[in-house]
Amino acid sequence: MLVDTHTNLFWYPDHLSDEFVDESWAAKKAKLRLSPDVHCDVNEAGYRNNFDSRPQQLLEATRNCDKVIVFAIQAPFIGIRGSQESVADFVRQHADRYVGWCSVDPNDPACVEQLTYYVQDLGLRGLKLGPIYQNFDPSDPKHLPLFKKAEALGIPIIWHQGTSFVRKGPLKYSNPVLLEDIAIACPELRMIIAHMGHPWETECCVLIRKHPHLYANTSALHYRPLRHYQAFMTALEYGVEHKLIFGSDFPSATPEQAIAGLWKVNDIVEGTRFPRFPQEALHRIIHDNWKQAISFQ
């Protein structure tokens with residue numbers, strides 16, 4: 001069963017600022033220099049739509065997936081104003097395959113009430129957060145009520161806990177280790193660290209090893225072949241490869257592009273005596289490991 005645990009629903013100019021799409025275009029061109037497995041259906045003339053994921057684009061990109069998780073982060077600090085109502089409308093229209101998660105800005109005093117509304121009234125079934133996008137310290141105790149509410153609601157959180165191309169985004173809030181206090185304070189809260197927390201993949205691996213309800217997804221790793229190989233071998237050496245979960249991060253890549261990139265993880269060491277990441281572990285990442293962290297019931 002192919003489950004894409006990481007797709008976005010937003011587009012320019014309704015939800016994305018000029019500054020954000022300018023910076024995203026520069027980052028996408030850098031990725032294209034290293035890998036062909038990058039989603040890009042624009043040229044320089046239309047580059048401000050390079051990060052668009054409109055409903056029809058998402059439907060087409062994920063047509064071969066059995067289930068798809070979709071969200072729209074609320075991060076006004078860096079120019080993303082995700083529409084939770086648009087996500088809810090989209091998944092209602094395509095309830096056979098799509099599951100909506102919500103996002104709130106932790107700096108908004110009403111964020112706990114918003115989360116409750118999105119889950120109980122709009123039917124959204126998870127929470128997307130990104131400290132580098134939303135400008136907040138996840139280890140600050142003042143945010144703990146939000147995480148406690150997610151735990152009480154029985155929903156998982158997916159974190160963009162890693163670097164980004166956004167110039168304003170604070171790297172100081174991005175290391176996965178900052179999630180440890182939450183894992184201790186909310187022992188039943190399921191959390192998924194997107195992109196293995198790149199470039200802190202080692203910190204991500206040692207963190208998810210310690211805490212039973214912490215996982216990581218593999219989205220956006222294959223663009224940098226050496227880091228991709230190192231990250232996966234680190235997971236193998238720490239015994240947490242079974243806690244890695246597939247996600248495409250569309251519109252950064254389609255699921256097919258992300259899967260093709262994953263299968264190339266050992267290409268960087270071809271012709272050497274370096275160890276290989278096991279193919280059976282790759283198969284489980286793509287098809288099976290999601291079952292530990294996510295329920296569609």
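This passage looks at the empty spaces and the salt bridges in a predicted model.

Start with the open space. The largest pocket holds about 370 Å³. Its lining is made up of 24 residues, and Lys 31, Tyr 133, His 160, Phe 165 and Asp 249 sit nearest the centre. Sorted by class, that lining comes out as 12 nonpolar, 8 polar and 4 charged residues. Strand E1 (3-8) and helix H1 (18-32) each chip in at least two lining residues, and H1 gives the largest share, with 4.

Then there is the closed-off space. Searching the whole structure turns up 1 cavity of 30 Å³ or more, with a volume of about 30 Å³. Around this cavity are His 198, Glu 201, Ala 220, Leu 221, Arg 224 and Arg 227, which split into 2 nonpolar, 1 polar and 3 charged residues.

Two of those lining residues, Arg 227 and Glu 201, also pair up in a salt bridge, at 2.7 Å from N to O. Arg 227 belongs to helix H9 (residues 225-237) and Glu 201 to helix H8 (residues 201-210), so distant parts of the chain, 26 residues apart, get linked. Arg 227 is partly exposed, at 34% relative accessible area, while Glu 201 is buried, at 4%.

In total, the model has 10 salt bridges. Another of them joins Asp 22 to Arg 48, with the closest N and O atoms 3.1 Å apart. Since Asp 22 lies in H1 and Arg 48 in the loop between H1 and helix H2 (55-61), the pair ties together parts 26 residues apart in sequence. Asp 18 joins Asp 22 and Arg 48 in a salt-bridge network.

Notes:
Residues numbered from 1 in each chain as written. Predicted model: local features only at pLDDT ≥ 70, side-chain atom pairs only at ≥ 80, totals over all residues. Heavy atoms only, no water. 1 Å grid on protein atoms, 1.4 Å probe; cavity = no way out; pocket = protein on both sides within 12 Å on 5 of 7 lines; lining within 4 Å. Points joined across faces, edges and corners; volume = space filled by probe spheres on them. Nonpolar A, V, L, I, M, F, W, Y, C, P; charged D, E, K, R; others polar. Salt bridge = Lys/Arg side-chain N within 4 Å of Asp/Glu carboxyl O. Buried < 20%, exposed > 50% of the residue type's maximum accessible area, 1.4 Å probe, protein only.
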